[in-house]
Structure formats: C-alpha cells, structure tokens
Amino acid sequence: MSECVECDICVVGAGMVGAATALQAARQGWRVVMWERQAPVQMAHRLGMGIRTVALSPASLALLASLDIVPVGASMTAMHVWEELGTATLRFDAGDLQLPELGRIVENDVLVAALWRHLTNEAGIEVRLAPEIETLQAESERVILRGDDLAVAARLVIAADGGRSRVRTLLGGETRRWQTGHAALATVVSTTRPHAGVAHQRFLREGPVALLPGTQPNLAAVVWSQPPAQAQARRTLDDTAFCTALTRATESVLGAITACDERLVFPLVQHLADEAVPHPRIALVGDALRVLHPLAGMGVNLGFEDVSGLGRALEGGGDPGASGRLEAFARRRQVRSRTLVELMAGFRDVYAWETPGRTWLRNAGIRLVDSLPALKRQIMREALGLGPVARAMR
Ligand SMILES: Cc1cc2nc3c(=O)[nH]c(=O)nc-3n(C[C@H](O)[C@H](O)[C@H](O)COP(=O)(O)OP(=O)(O)OC[C@H]3O[C@@H](n4cnc5c(N)ncnc54)[C@H](O)[C@@H]3O)c2cc1C
C-alpha cells in the first residue's frame, strides 16, 4: 500500500505554469502537494544560452513579480514582422505604449530553476517526485491520485502536466486538435549584427521564422516553423549549411549567421481540451488545457493568465473545489483559449495565401494596420495581456 498524503490542492507538473500555480496557492494559505515526475535538469549550451526560450509578456512578468520572481533575460523593445511574398512590414515599439519593453526573452531552464528554488523553500508546499500517476478517482469531496509509491487525496487537483497531460487522459474528456502542418526547429545562433532588443519574424511560404533577442547582443534565439520533413532535413544539415540557409531565410536582417547550437525539432499540433474544469475538483491549466502554435509567442503567457484567474477564484479560503467556485474561471479560460487557437490557425492560413490577388489583399491589410496607430496600439495591448479583453478573460 502506498502512503496517502492529504492536502487542499495537488498541483500535477512543476513546469513554469504548475510551479507558479503551486507558489501562488501556498501564499494564499492552501496546503499544497506538488506532484512532479522529475526534477529539472540544467542543460549545457554551446553558445552560452538555452535553446528553449519563451517571450514573457508584461502581464506574465507582473504575475511572476507578485511571486517575488524577476526572470533574467533579454528585453524585447520592438518587433518587426515582414514576409517573403510582399513588401508590407509591421513594426511594434514598446515606446508606442509607454512601456519599457514589449516582453522579455527568458530561457525556460532559467525560469524553471528560479521557480523551483522558491517551491522547495515554501513552507506550505510539499514537493513529491514520483513516477506516473496510475489512477485518478474523482469523488464529491476529494480526488485521489495514486502512483506506485505515492497516493494524494486533494480537495482540488490542478493539472499543469503539459500537452500530453496524464490527468486529462485519465479523465477521458475530449480534446479538439488542429493540425498545423508545421514542426518548430529551435536553436540559438550568433549574428554579425547586434539585435538591439528587436525581435524579427518573417513569414515564409513554408511558415514563419523568428529571431528573438538573446542574452548577449549578438545572440538570437531561433524558432523556425516549417513542414516536419523540412525541419528534420535542416536539423541534420552541417552547421555552415544551416547558418547559410538561415541567413538567407531571414534576409540577413541581423547580418550573417556565424554559428549555431544544436537544433531541436518540436511537432506542432494545436489542441484545446473541451473543458478547463472537467470536474468541479479538477482544473486544467497551461499546455494541459491548450497548446498554441508558437508563432505569436503566447503559449506560456496564456498559462500564466490561467494562474492569475485561478488565484482570483481561490482567494478567501473555504473549500477550493466547492461546487460552482471555478465556473467563471472555466468559462473565461475556454473562450480566451478557443479565440487564440482559432486566431493562430487563421493567421497561418492567411500567410499561406500565394495567389497574386490574395497576396495583394494581405499586404494591403498589413499596410493599413501599420498606418493606424490607435488600432496597432490596441492589437499590441491585447497581445501583451494588457488590453480590456485579455484582462476580462483572466
Ligand atoms: C519552439 C517553441 C517555442 C515557444 N515559444 C514560446 C514563446 O515565445 N512564448 C510563449 O508564451 N510560449 C512559447 N512556447 C510555448 C511554451 O513553451 C509552453 O506553452 C510552456 O512550456 C507550457 O508550460 P507548462 O508548464 O504548461 O507545461 P510544460 O512546460 O510541458 O511542463 C509540464 C511539467 O509537467 C511534468 N509532467 C508531465 N507529465 C507528468 C506526470 N504524468 N506526472 C507528473 N508530472 C508530469 C513535466 O515534467 C513538466 O515539468 C513555445 C513552444 C515551443 C515548442
């Protein structure tokens, strides 16, 4: 018989979203068990910067600051978007919104390590490293999770166990999937020109390629979305051939690419669970709830929106899984997630238009947006999680 630990809230998965969820809940006074499969591993990096990065929005940075975490990373002060098939460009500047930065590019490893330092020192959190959850039993007063040598009985389970969520699978609910036709190739590169805090994204016929500001002036993080076979072929190119291909694909916007780290390829399937709260005592957050195409850099930012929404719903003690308590949270997060998943699918389709008429229409639309400062500011505010729609949906 495995030991059974009782708690108010069991958070499954201590990635960026789960660790932040557990910290916030403990600071609200809940007794929290954090169930994670493995402790984070710090990877070695050839160019001195981690390959997996996220662009954290000002709203995400504010949430982390409320948990006493100030992520170290590269400030992104502007974003420049252009495309292969036209001449229209879009530029977003932090100054237009009187903000010091549009966001910060942070290495996943660095942020997870910072969150874990807090997790392991937080009085109200018991971190348990345990292998796979074998069974989930959802009752009216509690949920019991059982693995080989651990069982946890919680009044609320929060699943933050990523895109292949075990909790979601054990519950057996429906998950809607959108094929993107893309895989993302990620790496870090050295460039001859400094990035000066500007993120560059070019829409190629095969998919978008982004150069994001790195932790040194001449380092950039690369996310290159493309058909899976193409991504695999580019992953195995020798370094010189890859750097030449990337210099060409980005039109030398940062000069020549002179060196690259290992290349990782991630399959890209967007998905959305049918319900953010599939049982009154179980909530899904982060990638366990939905996975987005990385072209807008929104994935973990939506996850941190989930965390702040849950924080509001769980204020004030009582029973964290009381009937109806998470209803408004569930509704808002479902609407926000569906809107963004569909928007990303739409974006991808519009940028795949190749006929002259449609290319002209897209370019005319982009020029129009770029020439209307008020509209641009509104789009930026919503994308950064600071606009009225984003705030209302938390
Ligand atoms: C190439 C690429 C670029 C991206 N760029 C951006 C960006 O710029 N901005 C952005 O916002 N997002 C970006 N994203 C998305 C972002 O990386 C994800 O949204 C984010 O990592 C999700 O965090 P999470 O904590 O929900 O899940 P995860 O990071 O997947 O963490 C899940 C955690 O749960 C644990 N776990 C899994 N299963 C179990 C189990 N059965 N039991 C216990 N523990 C378990 C795992 O070990 C892990 O610690 C990008 C994604 C990709 C692929």
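1. Before you look at the ligand, one definition helps: a residue counts as near a molecule if its C-beta atom, placed from the backbone, lies within 6 Å of it. Please also keep in mind that this is a predicted model. With that in hand, there are 32 residues around the ligand, and those that come nearest are Gly13, Gly15, Gly162, Gly286 and Gly299.

2. What is the make-up of the shell around the ligand by class? You will find 16 nonpolar residues there, together with 10 polar and six charged ones.

3. Which elements build this shell? At least two residues each are supplied by helix 1 (16-27), strand 2 (32-36), strand 3 (53-56), strand 12 (175-191) and helix 7 (299-313). Helix 7 gives the largest share, with four residues.

4. It is worth stepping back to the domains here. Residues of the shell come both from domain 1 (3-43 + 110-176 + 270-352) and from domain 2 (53-106 + 180-268), so the ligand shell lies between the two.

5. Two of the elements that supply the shell, helix 1 and helix 7, are also packed against each other. A helix pair of this kind is described by the angle between the axes and the distance between them. For helix 1 and helix 7 the angle is about 20 degrees, and the axes are 9 Å apart. Angles under 35 degrees count as roughly parallel, so helix 1 is roughly parallel to helix 7. Their crossing is right-handed.

6. Strand 3, another supplier of the shell, takes us to a sheet. This is an open sheet of three strands in the order 3-7-4, and the pairing is antiparallel. Strand 3 and strand 4 (74-76) are at the edges with a single partner strand each, so one side of each has no neighbour in the sheet. On average, neighbouring strands of the sheet are turned by 25 degrees against each other, with direction ignored.

7. How many bridges join strand 3 to strand 7 (residues 103-107)? There are four, and the two strands run antiparallel. If you would like a place to start in the viewer, take threonine 53, whose bridge partner in strand 7 is glutamate 107.

8. A last pair to look at is strand 5 (residues 78-83) with strand 6 (residues 90-93), which pair in the antiparallel sense over four bridges. A hairpin of six residues joins strand 5 to strand 6. Here, alanine 78 has aspartate 93 of strand 6 as its bridge partner.

Terms used:
Residues numbered from 1 in each chain as written. Predicted model: local features only at pLDDT ≥ 70, side-chain atom pairs only at ≥ 80, totals over all residues. Nonpolar A, V, L, I, M, F, W, Y, C, P; charged D, E, K, R; others polar. Domains from an automatic or database assignment. Pairing = 2+ DSSP bridges. Axes fitted to C-alpha atoms, helices over the stretch in contact; angles between N-to-C directions. Parallel < 35°, antiparallel > 145°, perpendicular 65-115°, else oblique. Left-handed = near helix turned anticlockwise from the far one by under 90°.
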